[in-house]
Amino acid sequence: MSIKTKLSIIFGVLMLIVVASVLFTNNLTRQLAREEQERVQIWAQATEKLILAGPDEDIDFYTTIIERNTTIPVYMTDSVGNVLYTRNVKHQVSDPTTLSGPIEIRFVDDSQTEIVQYIYYDESTVVTQLRYIPYVQFSLILIFIVLGVFALTSAQRNEQNRVWVGLSKETAHQLGTPISSLNAWQDLLESRYPDDELIPQMRTDITRLQTIADRFSKVGSEPELEVEPLIPVLKSAMGYMRTRTSNKVTINFSAGQLSQMPTRNIDENSILVMLNKPLFEWVVENLIKNAIDAMDGVGEINFCLYDKDDSVILDVSDTGKGIERRVQRRIFQPGFTTKKRGWGLGLSLSKRIIEDYHRGKLFLKESQVGHGSTFRIILEKAKNS
């Protein structure tokens, strides 16, 4: 089951809990509100009876009803809205007429004048708290969802990291034995055929295999970064790929200030960054290979380097088929590929090398179907650059 499916199930269950809780709480709140309204009506009637009670009438029953109201805030006002009496009010409102009510009380005083008073009431603390419970629950559940997403993604990321490390270490280990054997055969051939022109090329390929094994051994461990001039490293990786690419593919390089169009006239040693050279060259090679695949082996790849004050930007563009918008967010996921062959690890590994090891950024800057794609790398300059 994928992480998206798990999250969807969890989110659905939690939302059902929220909806059920809101419905139940709202129903309970309405019932309590109706009960409080009936209690206020009884309280108002008891107050009216108390006011109208004669000197010989037993008022204990009325006073008991009035005193039992210890939760519902009530206001008694005159006919023009002046507050005459309050009960259970902690923070008095400026205008009681905005509250529930009014309940009218009419009586005649000793001078036979008709007096009209009104009773207004507010919700009790219990009802108010019940109204806010669903919002509190929703907030807590939202926090739980966020924590759950974080935990699941972290677990998936840790699992991917363990797979990365294990696969890389095992690959480096498996390559070590045949490379050692090839070195021994190379030494034997050089001693027997010192003038053979093909033997140096064999040495180059063996060295290349050793570099690849060294790259895999560095995945999963913190690589050492050194101050390197970026342009020579780029040109070295591009030159290696040119010799192994069809003549139908053109690989260009240009550099300059960010505010200007890149030119070819710039000091190659002027841009210094903290690099692990083998791993960064691996990223460049992966981007070139992906571009070649996207162009079906025919087209143009442009490396444009922009120099900023404290960082450097590298845009890698191709004239390939482009990437559909619906899959652009998935291209850096391990295992995702649009090709019939391949493991879908090149871009994911490249992003890991740039962002985790070099503390930079690698992302798809833009892509148009039928017009090509542009990937952007951002690296900070070395402090002494």
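# Exercises on strands, rings and a cavity

Pro102 is found in strand 3 (residues 100-108); helices (H or I, at least four residues) and strands (E, at least two) are DSSP runs, numbered from the N terminus. The model is predicted, so local features need pLDDT of at least 70 and side-chain atom pairs count only at pLDDT 80 or more, while totals for chains, interfaces and linings use all residues. Residues are numbered from 1 along each chain as its sequence is written, and side-chain values use heavy atoms, with hydrogens and water left out.

**Exercise 1. Backbone exceptions**

Task: Find the form of the peptide bond from Gly101 to Pro102, then place Asn88 and Asp296 in the chain and describe their phi angles.

Solution:
- Step 1. Most residues other than glycine have a negative phi, and most peptide bonds are trans.
- Step 2. The bond from Gly101 to Pro102 is cis, with omega near 0 degrees.
- Step 3. Asn88 is in the loop between strand 2 and strand 3. Although Asn88 is not a glycine, its phi is positive, at about 60 degrees. Its relative accessibility of 27% makes Asn88 partly exposed; buried means under 20% relative accessible area, exposed over 50%, and partly exposed in between (1.4 Å probe, protein chains only).
- Step 4. Asp296 belongs to the loop between helix 6 and strand 8 (299-307). Asp296 is not a glycine either, and has a positive phi of about 55 degrees. With a relative accessible area of 59%, Asp296 is exposed.

**Exercise 2. Two hairpins**

Task: For strand 1 with strand 2 and strand 10 with strand 11, give the direction, the number of bridges and the turn glycine.

Solution:
- Step 1. Two strands pair if DSSP finds at least two bridges between them.
- Step 2. Strand 1 (residues 74-77) and strand 2 run antiparallel and are joined by four bridges. Met76 stands opposite Tyr85 of strand 2. Five residues lie between the two strands of this hairpin, and Gly81 in the turn has a positive phi of about 95 degrees.
- Step 3. Strand 10 (residues 361-368) and strand 11 are also antiparallel, with seven bridges. Ser367 has Ser373 in strand 11 as its bridge partner. This hairpin has three residues between the strands, and Gly370 takes a positive phi near 90 degrees.

**Exercise 3. Aromatic pairs**

Task: Describe the geometry of each aromatic pair in the structure and name the elements that it ties together.

Solution:
- Step 1. Rings of Phe, Tyr and Trp (its six-membered ring) pair if their centres lie within 6.5 Å; planes under 30 degrees apart count as stacked, over 60 as edge-to-face and the rest as tilted. The structure holds two such pairs.
- Step 2. Trp43 and Tyr85 are stacked, with 6.4 Å from centre to centre and 10 degrees between the planes. Trp43 lies in helix 1 (residues 3-52) and Tyr85 in strand 2 (residues 83-87), so this pair ties together parts that are 42 residues apart in sequence. Trp43 is buried at a relative accessible area of 3%, whereas Tyr85 is partly exposed at 34%.
- Step 3. Phe332 and Phe375 are edge-to-face, with centres 6.2 Å apart and 90 degrees between the planes. Phe332 lies in the loop between strand 9 (311-318) and helix 7 (346-357) and Phe375 in strand 11 (residues 372-380), so the pair ties together parts that are 43 residues apart in sequence. Phe332 is buried, with a relative accessible area of 16%, and Phe375 is buried at 7%.
- Step 4. The charged end of Lys351 sits over the ring of Phe332, 4.6 Å from its centre. For this, NZ of Lys or CZ of Arg must be within 6 Å of the ring centre and within 35 degrees of the ring normal.

**Exercise 4. The lining of a cavity**

Task: State which residues line the largest cavity and which elements give two or more residues to its lining.

Solution:
- Step 1. On a 1 Å grid over the protein atoms alone, a cavity is a set of points where a 1.4 Å probe fits but cannot get out; lining residues have an atom within 4 Å of a point.
- Step 2. The lining consists of Leu287, Asn290, Ala291, Val316, Ser317, Asp318, Leu347 and Phe375.
- Step 3. Helix 6 (277-294) and strand 9 are the elements that give two or more residues to this lining.

Technical notes
On a 1 Å grid over the protein atoms alone, a cavity is a set of points where a 1.4 Å probe fits but cannot get out, and a pocket is an open set with protein on both sides within 12 Å along at least five of seven lines; lining residues have an atom within 4 Å of a point.
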